[in-house]
Structure formats: C-alpha cells, structure tokens
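Student: I have a new chain to look at. Can we work through it by question and answer?

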Amino acid sequence: MAAPIQTKEILRPYELVVIMKVDTTEEKQKLFFQKNKQIIESFKGKINHIDSWGKRRLANAINKEKTGHYFHVTFQATSQVVAELERTMRINDDVLRFVHTRLEDDTDLAKYVSQFHETLAANSAREKERAQERAAKMSERANRPMRPSLG
C-alpha cells in the first residue's frame, strides 16, 4: 500500500483592507483583529503589520454609512486562512467591506509596506497641493472685479 502523499502548505503573502463602521469602539476593533490574528496563527501563518488609516469618507454609501474606519493588514498564510477570514468578516456587523489580495510569492512584506507608505505619503502631498491650488483659484475669483452687466 502506498504511503499517503504529504503536501506542505506554502505560506503566501496577502494584503487585506478592511472598512469598519465609524461607531465601532476601539475595544471592538482590537478584539476583531485579535480574533483574525488567532485565525491566521492557527493555520501556521503570521501577521506582518496592521495599520489604521483612520476615518475616511466613502465614495459611495454602504448600508447608509457615509464614512468608515479603514485598516490595512499584511500577513503570510495558506489559502485556507483567507476563506476562514472572509467567513468571519461576513458575519461581523461592524465590517462594512473587506478585500484580500494575494501578493507575488517573492514579495518582501517589510519592503512592500515601506513602499506602500511612501506612495500614500506622495498621494497625500499631491492632494494637499491640489487643495491649495483650488483654494488659490477660488480666492483669485473672489478678488476679481465684477463685470458690468449688459442690459
């Protein structure tokens, strides 16, 4: 009789973005991520980092919610972990939306997070510049003399 085939589960890098309701208490948020960490570790995975992006306005309302609290997580795990995490997030009333993305297998998560933060900072700086340009144009328009009306 042939011996059973043993397969080694490969840890793959993943990225997760979660949007939670704004009125979710900090205690509930911590409990939520502790539970997710336990799920990941029960499948021999490990969390690389968890970032809070804070409260942001949603592009489209979700269940009549116009703002959400955003979180960004990177971790290494097997494919079964994602299915279990998605199951638990679907039944959690505080989670508005979530998305898992599998990263390239050779991705260095520390370097990935560092580049991600640099991109966020650059986008934030660009957005501030645009806001200043809009404010300057509005100020310029407000200071223009009125044209005499014809009529």
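**Fold and salt bridges**

Tutor: The chain has 3 helices and 4 strands. Keep in mind that this is a predicted model.

Student: Which pattern does the chain follow, read along the sequence?

Tutor: There are 3 helices to place among 4 strands. Read along the sequence, the pattern is β-α-β-β-α-β-α.

Student: What radius of gyration does the chain have, set against a compact globule of 151 residues?

Tutor: Start with the span. The C-alpha trace covers about 100 × 35 × 30 Å along its principal axes. A compact globule of 151 residues would have a radius of gyration near 15 Å. The chain has 23 Å.

Student: What share of the residues is buried?

Tutor: A residue counts as buried under 20% relative accessible area. Of the 151 residues in the chain, the buried share is 29%.

Student: How many salt bridges does the structure hold?

Tutor: Side chains of opposite charge can pair when their charged atoms come close. The chain has 27 positive and 21 negative charges. The number of salt bridges in the structure is 9.

Student: Which residue meets R87 in a salt bridge?

Tutor: Look in helix 2, residues 79-91. The partner lies 3 residues from R87, about one turn of the helix. The N to O distance is 2.8 Å. The partner is E84.

Student: Is R87 buried, partly exposed or exposed?

Tutor: Its relative accessibility is 44%. Partly exposed runs between the 20% and 50% cut-offs. So R87 counts as partly exposed.

Student: How far apart are the closest N and O atoms of R90 and E86?

Tutor: Both residues lie in helix 2, 4 residues apart, about one turn of the helix. They form a salt bridge. Their closest N and O atoms are 3.6 Å apart.

Student: Which of these two counts as exposed, R90 or E86?

Tutor: Exposed means over 50% relative accessible area. E86 has 21%, so E86 is partly exposed. R90 has 59%. The exposed residue is therefore R90.

Student: Which residue forms a salt bridge with E127?

Tutor: E127 is partly exposed at 38%. Its partner is also partly exposed, at 47% relative accessibility. The closest N and O atoms of the pair are 3.4 Å apart. The partner is R134.

Student: Which residues are linked with R12 in a network of salt bridges?

Tutor: This network joins R12 to an arginine and an aspartate. They are R102 and D105.

Note on methods:
Residues are numbered from 1 along each chain as its sequence is written. This is a predicted model: local features need pLDDT of at least 70, side-chain atom pairs count only at pLDDT 80 or more; totals for chains, interfaces and linings use all residues. Side-chain values use heavy atoms; hydrogens and water are left out. A salt bridge is a side-chain nitrogen of Lys or Arg within 4 Å of a carboxyl oxygen of Asp or Glu. Helices (H or I, at least four residues) and strands (E, at least two) are DSSP runs, numbered from the N terminus. Buried means under 20% relative accessible area, exposed over 50%, partly exposed in between (1.4 Å probe, protein chains only). The radius of gyration is taken over C-alpha atoms; the globule rule is 2.2 Å times the number of residues to the power 0.38. Lys and Arg count as positive and Asp and Glu as negative; His and the chain ends are not counted. The place of a charge is taken as NZ of Lys, CZ of Arg, CG of Asp or CD of Glu.
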